[in-house]
Amino acid sequence: MTRAGLLNAILERASVRSFDEGKSVSEEDLKKILLAGIRAPSARNIQPRTFIVVKDEKVKEMLYELCENQSFMKAAPIWIVVCLDLHRHLKAAKLTCVDYDFTGILPYTFGVLDAALSLENMVIAAEALGLGSVIIGSIIEHPKRVKEILNLPEHCLALSILCIGHPKKKPKRREKWSYRVMVCENSYRDVGLRDVSEYWRKVVSNGLKRAGKKPKKRGCGKNLQRKKLWSYLFKPL
């Protein structure tokens, strides 16, 4: 892939919630995606992350129930559970008689960041291979049950499931805050009412379109005034 092609994959990627059940993902492509996750940056190269490829249907069913039974997940042939994993590093330190300072929240904070970097690498790799993906974060709400299902050791936490497959159709990218709002120079610049109104109107309008409803300017304005936009933002469409 050319540099331009890679950049396009990053800029044009959108989460897929409609997979083609009749198409599988090759082991070769799966390995490339996992290697992309492994090669992601890591603070001090500790690499506190583990990827569990779930193929067992019974295990999938148990995880599916914890993820609010989101039906599109079952159509994705590849499930990768991304874990924040400090267990391996701590064990390696103990086996080599290294005194590793494991105190406070900092190791976990870096672990989450490193796992997120791996996730991003993998979704971009999937896009570059002509596949689609979606990140499911619901399992983090059930840490104890997921530990039991996946037999996770101490200091290992499942953060999300990455579902990968062939998209039935290319989804439209969701609205983002504008470049002017997101990018600051030298210091933080707070968002103003104009920017908020403009963004919320786009979000509500696009959300209604995704739900198959016809957006109305008055309706958007009314919802803005009533402050009910969160329901449009977080309600699955």
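Modeller: Let's start with a term we will need throughout: a residue is buried under 20% relative accessible area, exposed over 50%, and partly exposed in between. Leu-6 is a good first case: its relative accessibility is 40%, so Leu-6 counts as partly exposed. Please keep in mind that this is a predicted model.

Colleague: Thanks! Where is Leu-6 found, and which residues make a nonpolar surface patch with Leu-6?

Modeller: Leu-6 sits in helix H1, which covers residues 3-12. Together with Leu-7, Ile-10 and Leu-11, Leu-6 makes a nonpolar patch of about 360 Å² on the surface.

Colleague: Could we step back for a moment? How many helices and strands does the chain have, and what share of the residues counts as buried?

Modeller: There are eleven helices and four strands. The chain has 237 residues, and 38% of them count as buried. Its accessible surface comes to about 15600 Å², with 55% of that belonging to carbon and sulfur atoms.

Colleague: What do the contacts say about how the chain is put together?

Modeller: Look at how far apart in sequence the partners are. Among contacts with a separation of 6 or more, 76% are between residues 24 or more positions apart.

Colleague: Let's read one helix closely. How many residues does helix H2 have, and how far does H2 reach?

Modeller: Helix H2 runs over residues 27-38, which makes twelve residues. From first C-alpha to last, H2 reaches 16 Å, close to the 16 Å expected at 1.5 Å a residue.

Colleague: Which residues of H2 are buried, and why do they line one face?

Modeller: Here is the general idea: an α-helix has 3.6 residues a turn, so residues three or four places apart point the same way. In H2, the buried residues are Asp-29, Leu-30, Ile-33, Leu-34, Ala-36 and Gly-37. Viewed down the axis of H2, these buried residues fall within an arc of 150°, so they line one face of the helix.

Colleague: What covers the buried residues of H2, and which exposed residues are on the face turned away?

Modeller: The cover includes strand E1 (49-54), strand E2 (78-85), helix H6 (106-128) and strand E4 (156-165). On the face turned away from the buried side you will find the exposed residues Glu-27, Glu-28 and Lys-31.

Colleague: You mentioned H6. Is Gly-111 of that helix buried or exposed, and which residues does Gly-111 contact?

Modeller: Gly-111 lies in helix H6 and is buried, with a relative accessible area of 0%. Setting aside neighbours within four places in sequence, Gly-111 is in contact with Pro-48 and Leu-84. You can also compare sequence with space: Gly-111 and Ile-46 are 65 residues apart in sequence, and their C-alpha atoms are 8.8 Å apart.

Colleague: Now the backbone. What is there to notice about phi of Arg-44 and of Asn-69?

Modeller: In general, most residues other than glycine have a negative phi. Arg-44 has a phi near 60°, a positive value in a residue other than glycine. Arg-44 belongs to the loop between H2 and E1, and at 77% relative accessibility Arg-44 counts as exposed. For Asn-69, phi is near 50°, again positive. Asn-69 is in the loop between helix H3 (57-66) and helix H4 (72-75), and is partly exposed at 43% relative accessible area.

Colleague: Last topic, salt bridges. How many does the structure hold?

Modeller: It holds nine salt bridges. One of them joins Asp-85 and Arg-88, whose closest N and O atoms are 3.3 Å apart. Asp-85 is buried, with 6% relative accessible area, whereas Arg-88 counts as partly exposed at 40%.

Colleague: Which salt bridge links distant parts of the chain?

Modeller: Try Asp-195 and Arg-180, whose side chains meet at 2.6 Å, N to O. This pair links distant parts of the chain: Asp-195 is in helix H9 (residues 193-210) and Arg-180 in helix H8 (residues 179-182), 15 residues apart. Asp-195 counts as buried at 14% relative accessibility, while Arg-180 is partly exposed at 48%.

Colleague: And how do Lys-202 and Glu-198 lie in the helix?

Modeller: Both are in helix H9, four residues apart, about one turn of the helix. Their side chains meet in a salt bridge of 3.5 Å, N to O. Lys-202 is partly exposed at 36% relative accessible area, and Glu-198 counts as partly exposed at 37%.

Terms used. Residues numbered from 1 in each chain as written. Predicted model: local features only at pLDDT ≥ 70, side-chain atom pairs only at ≥ 80, totals over all residues. Heavy atoms only, no water. Helix = DSSP H or I, 4+ residues; strand = E, 2+ residues; numbered from the N terminus. Expected span 1.5 Å × (residues − 1). Buried < 20%, exposed > 50% of the residue type's maximum accessible area, 1.4 Å probe, protein only. Arc of directions from axis to C-beta. Contact = heavy atoms within 4.5 Å. Patch = residues over 30% accessible without salt bridge, like charges linked within 9 Å, V, L, I, M, F, W, Y side chains within 5 Å. Areas by Shrake-Rupley, 256 points an atom, 1.4 Å probe, with all protein chains shown as cover. Salt bridge = Lys/Arg side-chain N within 4 Å of Asp/Glu carboxyl O.
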